[in-house]
Structure formats: C-alpha cells, structure tokens
Amino acid sequence: MKIYTQRLDPAALSAKQQAVIDDQKQAQHFLYLDFDTRQRSRFKAQTQQQQAVGIDLPRTETIKNGSVLANNQGELIQVMAAKQALIKVTADNSFDLMRGAYHLGNRHVPLMITPDALYFEPDHVLEAMLGQLGLHTQAVQAAFEPETGAYKGEHGGHAHGHAHSHTYSHGHSHAHHSHAYAYAHTHSAHSAHSAQSGNGHSHSDGNAYD
C-alpha cells in the first residue's frame, strides 16, 4: 500500500507534476474525502479506482479541496472534497444572514460561508435556533469547505488567548447537540472554563492509521 506523507502546493507544481495530476483526473485516480476525514492527519482511504492508500501527514491544517499529496517515491495523489449531508442556511436579507453566521460562529460550529448562504453539518438544535431567528434551512448534499479562522495553526488554526492543548475526535455527543468534531481542553483553568461553558470533556485523538 502506498503511503503519502507530504503536502504539495498545487500552485507550485512543475509542468510534469501537473501533467500527472491531469492524467489521474482523466483516469478517476484521486481521493474523494469528506470533511471529517480531511481533518485527520493519519488514515486509510480508497481512491476512486478502489485502490487502498495510506495518509500519514504532519499535523498542520485540514486537507483542502484540490490538495496534492506525495509519497517518498515522488508519486502524487490529489484530494477532492466529497459531497456530504449539510444544512444550507439562507435569509431574506444580508443582515439576517450575518446574524445567523454570528450565532453559529459563537457556538464554534465549522461553517462554510458563501455570499448568499451558510452551510454546516446537520444539527437539529442549531436548525431550530436559526428558525427562531427567521432564517431558512434546507438539507442539501454539497462539498464542505468551512472557514479555517484568522489564526493559522493545527487543523485549521483555531486559536485562543490562553495556553492549552487540543485533541480531536469525531461523532461524539454534547449535552445540547452533536458535532462532527470537538475540542478537548487541558489547562490549569479547565475547571473554571467548564463551569462557564458546560462543555468540559475529554477524549482520545481518534486518528489511528490502522
């Protein structure tokens, strides 16, 4: 099984490398991955041709749509964002849509923003909240490329003003609603933080390669 360990900048590919990627697209030899998988740095996947490959990348940011990965032999594979179940949010005016983005962002929800709609992973509690704000929600299938934030760091660069460590897991449940991912906080002020937010929890990384 081929193991891809490096990220390449698609804009910096040589003409030869770009020709390889173009040929792979024609042959349907690339990876279609959903957002949950693209957040991880170590996992197994199958190409569109059902070829098993391994991904073992440094822990940096989420794998983006169109990213190109390389293995130690210089072989390339491109990653495309797969369509997945999402909630599309629209509004009667731009101000209401901006309010919706504020309230979703205040809950640290991975959010894809377009000029006329917001997109997030299904969550009936958040849908109900948006309905109360007068926004419109609709279940759709679309590629998910949420905002990564203004601060660049691990897995999209979510940063805080105080020191703590982040680990990631998938598909666990909160008391009020479920997310596809969550933050686990470990720092000296953890108890106070938990008392204020009600979200104190711990879990394992969940990025096992095998």
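**Salt bridges and a mixed sheet**

In this predicted model, the side chains of E75 and K2 meet in a salt bridge, with 2.9 Å from N to O. E75 belongs to the loop between β5 (68–71) and β6 (76–81), whereas K2 sits in strand β1 (residues 2–8), so the pair ties together parts that are 73 residues apart in sequence. Neither partner is classed as buried, because E75 is partly exposed with a relative accessible area of 32%, and K2 is likewise partly exposed, with a relative accessible area of 32%. Side chains of opposite charge can pair when their charged atoms come close.

The count of salt bridges comes to three, and another of them joins R38 to E145, where the closest N and O atoms are 3.1 Å apart. Here R38 lies in helix α2 (residues 35–38) and E145 in the loop between β10 (136–143) and β11 (168–170), so this contact ties together parts that are 107 residues apart in sequence. The surroundings of the two residues can be set side by side: R38 counts as buried, at 0% relative accessibility, while E145 is partly exposed, with a relative accessible area of 26%.

There is also a salt bridge between R42 and D56, whose closest N and O atoms are 3.6 Å apart. R42 is placed in strand β3 (residues 42–46) and D56 in strand β4 (residues 52–56), so the pair ties together parts that are 14 residues apart in sequence. Both side chains belong to partly exposed residues, the relative accessible area being 33% for R42 and 31% for D56.

The strands β3 and β4 that carry this pair also form a hairpin, with five residues between them, and in the turn Q50 has a positive phi of about 65°. The pairing of β3 with β4 is antiparallel and runs over five bridges; within it, Q46 has A52 in β4 as its bridge partner.

The hairpin leads into a wider arrangement, and one may ask in what order the strands of the open sheet are placed. Six strands form it, in the order β2-β6-β5-β1-β4-β3, and the pairing is mixed. At the edges stand β2 (31–33) and β3, each of which pairs on one side only, and from one strand to the next the twist averages 35°. Strands of a sheet pair through backbone hydrogen bonds, either parallel or antiparallel.

Both senses of pairing appear among the neighbours in this sheet. β1 and β4 run parallel and are joined by three bridges, and K2, the residue whose side chain meets E75 in a salt bridge, stands opposite V53 in β4. β5 and β6, by contrast, pair in the antiparallel sense over three bridges, with L76 in β6 as the bridge partner of A70. The loop that holds E75 lies between these two strands, so the salt bridge with K2 ties that loop to strand β1.

A helix completes this part of the picture, since α1 lies across β1, β5 and β6 and runs at about 55° to β6, where contact means heavy atoms within 4.5 Å. Within α1 (residues 15–26) is V20, which is partly exposed, with a relative accessible area of 34%. The C-alpha atoms of V20 and I77 are separated by 9.0 Å, although the two residues are 57 residues apart along the chain.

Terms used: Residues are numbered from 1 along each chain as its sequence is written. This is a predicted model: local features need pLDDT of at least 70, side-chain atom pairs count only at pLDDT 80 or more; totals for chains, interfaces and linings use all residues. Side-chain values use heavy atoms; hydrogens and water are left out. A salt bridge is a side-chain nitrogen of Lys or Arg within 4 Å of a carboxyl oxygen of Asp or Glu. Helices (H or I, at least four residues) and strands (E, at least two) are DSSP runs, numbered from the N terminus. Buried means under 20% relative accessible area, exposed over 50%, partly exposed in between (1.4 Å probe, protein chains only). Two strands pair if DSSP finds at least two bridges between them. Axes are lines fitted to C-alpha atoms, for helices over the stretch in contact, and angles run from 0 to 180 degrees between N-to-C directions.
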